[in-house]
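Please read the following report alongside the sequence and the model. It moves from residue contacts to the core, the interface and some backbone details.

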Amino acid sequence: MSSCPLLKVSGLYKNFGGVQAINDLNVELAEGELLGLIGPNGSGKTTAVNLITGFVKPSEGEVFYRSQNIIGWPPYKIVRLGIARTFQMVKPFYRLPAYKNMIIPLYSPRIKQTIGGKYGDRDAVALDLLEEVGFERDAFVAYKSASVLPQGYLKRLELAKVIALQPDLLILDELFSGLSLAEVASIVPIIEKLRQEGKTIIMIEHRLKELFRIADRVVVLNFGEKIAEGKSDEVMQSEAVKKAYLGAEA
Amino acid sequence: MEKRKERIDRGIKVRSGDIFALCSWREMLFLAAPRLIPILGFLILPLLLGAYWQKVLLSVAVFALLAISWDILAQSGMISLGQALFFGMGAYASGVFNHYWGWHPLVALPFATVMGGVICTALLLPVLRLRGIYFAMVRLIIPLMLVRIIEATKIFGGTEGLSGIVPLPSKWLELYLVMGALMAALFGFRRMPDSDYGLVLKGINDNDRSVMNAGINIYWFKAQALFISSSIGAFSGAFMTHVYMFVGMPVFALDYSILPIAAAVVGGPGNLAGATLGAFILVPLSEILRGIGGLRIVLYGLFLVIFIVALPEGIFHYIQRKYHQFERWVEVEG
């Protein structure tokens, strides 16, 4: 690990009323790493992401991105820094065709200057990006309204919207959930490609088998606390993790 | 020989392949008619009408502007039940400029348009975070609150209002100014919803968190949409001040909030031409029914219900669809 981590979460707390959703979370992330974030339902994985990306304000704690404290920043400023996320519940613009969905991230100040500004220029970029994530150009899937697309395409659209922002750190919240094995198999190469480009990635997943194949390191959460951290096979040997996943008796 | 009806959607595109249309007068007229008809209508209509219906036309144009202003907000996810705020702000701004400072109407009008827009936007900035029904309720309350403030503090003439406002120099200027403003708003913002900028606004309507997640400050964009919308509304209010030569508490009345919504919904929400068409149907309808007396509102309401039940997509969307559809009978081999 390099001396200055890309992302450093230190002493993060969040409680919703009486529920301690995140309890003293400390995580460091090196540039170019793929970190898996796992844990049983309700363990605080999505809350952790919401805290890092500014969608939820923490009760206490700090998040440093490239040594800059980003706690309390609004989400749009954090995105402009280079942290982009997908949502577990996909959030497409249902009233727009798939490729028009891409216009909104392409309009982002982060990358607005890098592509042409004329009407129609962004459409071409949008179609290229969608083709990369598997919207077959010949089948005109990209022109269909987001409201009629199946879940598999919506997840890819969600991923494409994040890639369009050209972020340095991608946080993918349960990208594989609800997808068939074949669909997962077709998305994995996209993630591998992102890694080759030097992107840092955090993946929240319940599909552990698929995750463990690509993750460098895994952090396990339970009831908002980090109960294990390390290589995937080591983590799964840990007693605390077995207990959390399989119940106290296991 | 058996026959069946064949329907071609977007027939002009099928027939023309984009280029052919420019070679044929018929096709060109077909494409241009939807733009030419309203423009010619706006130019000629004031000349054909009598004095009474000219006044109605003013009212139609003002409500069409308010409906356009409502529709721009609605497309950005801000449902407003209080267009009267924009109307009233513009009306009072122009009234004050003219009454206290003696500005010429043609100077007061543009300044009131911009001032009204700025004041309304600033007033609503704190509630931009609200969505859906919560935003709508705040919008409903603000004009009603302003009425009480004027009544209690007696500012700007209190319940009496400001009278003796200087009218516009001529009746024709009045008519063509408001018609010109309507055309400018209609054709100027017509393409906005489909532009990349408009898509961001639509995105905010659809899913604001997803827009935030694209690194876009949604409050900045909402404020811009609010300024455009409230300026259009303020212009219509300022204009009416000079027509009535009076400004008072009625400018914040519920009529100016509800009728534009009815116009936009009947005409076809999500399209500025629809909002305009709605106003061109509802306002004259209300005038025609005036002779009936007590049951006028009942009949008016009945028409509204019929429109909405029969054409839920809105009259404009229906006409637009039918205009681009070609139907013909073809022989079926039996």
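Leaving aside neighbours within four places in sequence, B:Ala64 is in contact with B:Leu182, B:Ala275, B:Thr276, B:Ala279 and B:Phe280, where two residues are in contact if their C-beta atoms, placed from the backbone, lie within 7 Å. The model is a predicted one, in which local features need pLDDT of at least 70 and side-chain atom pairs count only at pLDDT 80 or more, while totals for chains, interfaces and linings use all residues. Residues are numbered from 1 along each chain as its sequence is written, and chains are lettered from A and ligands numbered from 1 in the order in which they are written.

B:Ala64 and B:Leu65 touch the most other members of the largest nonpolar core, which holds 157 residues. Helix α3 (residues 51-75) of chain B gives the most to this core, with 15 residues. Such a core is a set of buried Ala, Val, Leu, Ile, Met, Phe, Trp, Tyr and Cys residues joined through C-beta atoms within 7 Å. A residue is buried if 20 or more other C-beta atoms lie within 10 Å of its own, exposed if 12 or fewer, and partly exposed in between, with C-beta atoms placed from the backbone.

Between the chains, 17 residues of chain B are in contact with 22 residues of chain A. On the side of chain B that touches chain A, α8 (196-206) and α9 (208-212) each supply at least two residues, and the largest share, six residues, comes from α8(B). Helices (H or I, at least four residues) and strands (E, at least two) are DSSP runs, numbered from the N terminus.

Another helix of chain B, α13 (residues 296-310), lies largely in the open, because the number buried among its 15 residues is one.

Two residues of chain A have a positive phi although neither is a glycine, as the table shows.

| Residue | Phi | Loop in chain A | C-beta neighbours inside 10 Å |
|---|---|---|---|
| A:Ser67 | about 65° | between β4 (60-65) and β5 (68-69) | 9, exposed |
| A:Gln166 | about 45° | between α6 (151-164) and β7 (169-173) | 15, partly exposed |

Most residues other than glycine have a negative phi.

As for confidence, the model scores ipTM 0.86 and pTM 0.88. Chain B averages a pLDDT of 88, and 95% of the residues score at least 70; pLDDT is the predictor's confidence in each residue, from 0 to 100. Among the elements of chain B, helix α1 (residues 11-16) has the lowest mean pLDDT (57), whereas helix α10 (residues 218-244) has the highest (95).
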